Amino acid sequence: MYPAPFRYHRAATVEEAIARLVEIGEGARALAGGQTLLVWLKMRFDEPTDLVDIGRLPGLRDIEQEAGRVRIGALATHARIARAPLARQIPIVGDCASGIADNQVRSRGTIGGSLAAGDPSCDWPVLLTTLDAEVHCRGPSGTRTLPADGFVQDLYATRLEHGELVTGVSFALPGKGSAGAYVGFKRCAPAFPTSSVGVQLTLNGDDCTEARIALGSAGLTTIRAKAAEAELRGRTLGAGVIAKAAAAAAAAAEPVADQRGSPAFKRSLIDALVKRGVEVARRRARGETVEVSHEYY
Amino acid sequence: MSTTEAGGRIAIEVTVNGTRHRREVEPRLLLVQLLREDLRLTGTHIGCDTTYCGACTVIVDGEPVKSCTMLAVQADGAEILTVEGLARDGELHPLQRAFSENHGLQCGYCTPGMLMSAHALLARNPDPDRKQIRKGIQGNLCRCTGYHNIIAAIDAAAAAMREGK
Ligand SMILES: Cc1cc2nc3c(=O)[nH]c(=O)nc-3n(C[C@H](O)[C@H](O)[C@H](O)COP(=O)(O)OP(=O)(O)OC[C@H]3O[C@@H](n4cnc5c(N)ncnc54)[C@H](O)[C@@H]3O)c2cc1C
Ligand code: FES
Ligand code: FES
């Protein structure tokens with residue numbers, strides 16, 4: 001269970017971390033909370049020559065609001081976000097943060113690491129795609145901002161270049177009538193979800209003017225269910241309309257068979273989760289307080 | 001930037017159960033190995049290779065963590081509480097007493113981790129309901145008890161602690 005030997009560097013600044021990652025090249029990895037990377041090293045799925053510890057970099061764990069936008073630093077842990085006032089103010093954020101793994105993993109794992117891992121089972125890329133968020137990056141050639149939608153490109157592959165770090169994410173505060181829910185199903189708290197779904201709707205009564213739906217653990221990357229969104233946009237929510245959207249989301253998924261279930265099982269799960277997510281979003285849009293997150297038994 | 005050479009060691013300082021320790025460690029040394037093999041605090045257990053079981057749970061700067069999934073170098077400068085730090089002057093901690101009185105353990109393998117997760121829960125929420133207790137130990141697996149008595153024990157300990165016992 002022990003990692004192979006590696007050199008360890010503790011960076012004092014973002015610039016220093018980037019410079020060291022670039023200088024070492026291929027064999028170097030950034031280390032944030034370690035809740036993905038250390039698991040891989042222990043299993044010897046990955047054997048980097050060098051770890052550049054970015055976990056103590058200053059100024060990257062704040063959660064702020066300014067000019068109608070929320071900004072979360074890359075090193076903010078799942079637990080910190082789950083406990084922040086933001087988690088109650090924008091319940092879909094709380095659903096996601098508090099549903100990830102278990103208390104111990106949430107103490108260490110970070111939102112930046114969840115994005116950079118490029119893992120289709122990680123929840124933050126799904127939530128951030130649902131909220132149409134931006135990912136702020138800094139690398140050897142400067143800073144750039146990428147959409148969360150499409151940030152995870154393939155299994156364990158993101159748009160980050162070598163030596164480039166995620167420094168934070170930002171998204172617009174949901175406007176009037178806009179509400180969402182993040183729901184998932186997993187076998188137990190420390191397990192990755194079997195499937196998860198983010199839904200954000202803009203409603204005027206039951207008339208849906210805008211919809212975004214993203215799926216996690218539903219294929220090799222985060223999947224945006226555009227056909228499902230189109231079933232809701234411009235329609236009045238009712239059982240028939242919601243069922244069509246859920247079916248479209250299940251059809252958009254590309255689940256693979258693994259120990260968590262068969263593709264058919266996962267599609268029926270996604271169908272049910274979309275229905276639940278839409279229902280919760282609708283109730284929240286009406287001002288109800290609804291507690292949801294990942295379900296497990 | 002502090003850095004190590006290949007196979008080199010790095011100096012760290014940790015405070016464990018109130019005692020400060022300085023060590024030169026290999027970067028790949030896991031916190032659980034530092035605790036068990038170097039500091040000989042074997043109350044913290046290892047139950048899996050996959051960050052699932054929670055037997056290795058300790059409290060680092062107030063937060064419960066799985067010490068099998070944290071490098072010792074990441075704990076440099078931290079205050080750590082392990083199960084050995086719960087009892088005071090030969091007196092069991094109320095959580096330990098409640099686990100004993102409520103049959104909150106059978107083989108005892110999961111118990112140190114359960115105690116530390118319960119400790120972290122009660123530090124934030126001294127009066128949890130049963131659902132909150134279940135969520136508090138969601139990252140700890142027990143293969144013996146069926147959890148029922150563990151939950152009863154945490155509930156009893158919380159009540160005792162609120163009464164200052
Ligand atoms: C038992 C268990 C259950 C879990 N269950 C869930 C779950 O239900 N849902 C979920 O979403 N996640 C789950 N996770 C994963 C967890 O959320 C991780 O914390 C997260 O995926 C990685 O964040 P980290 O800070 O620990 O990153 P690390 O493990 O430190 O790094 C992960 C990868 O990202 C890179 N990296 C990290 N930070 C940055 C950065 N700022 N810029 C560029 N690259 C970076 C690293 O080089 C590495 O390649 C689980 C993990 C475990 C161990
Ligand atoms: S030993 Fe199982 S989670 Fe650490
Ligand atoms: S008492 Fe045996 S594993 Fe919990």
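**The domain contact in chain B**

Reader: What area is buried between domain 1 of chain B and domain 2 of chain B?

Author: Happy to start there, with a predicted model in which local features need pLDDT of at least 70, side-chain atom pairs count only at pLDDT 80 or more, and totals for chains, interfaces and linings use all residues. Residues are numbered from 1 along each chain, chains are lettered from A, and side-chain values use heavy atoms, without hydrogens or water. Buried area is the accessible area (1.4 Å probe) that two parts lose on being put together, summed over both. Carbon and sulfur atoms give 61% of a total of about 1,200 Å².

Reader: Which three residues supply 36% of the area that domain 1 of chain B buries against domain 2 of chain B?

Author: The bounds, from an automatic or database domain assignment, put domain 1 at 3-85 and domain 2 at 94-162. On the domain 1 side, no other three residues supply more than His45(B), Thr57(B) and Val83(B).

Reader: Which side chains meet in a salt bridge?

Author: A salt bridge needs a side-chain nitrogen of Lys or Arg within 4 Å of a carboxyl oxygen of Asp or Glu. The count between the two domains is 1 salt bridge. At 3.8 Å, N to O, the partners are Glu63(B) and Arg124(B).

Reader: How far apart do the C-alpha centres of the two domains lie?

Author: The domains are in contact (heavy atoms within 4.5 Å), through 18 residues from domain 1 of chain B and 14 residues from domain 2 of chain B. Their C-alpha centres are separated by 23 Å.
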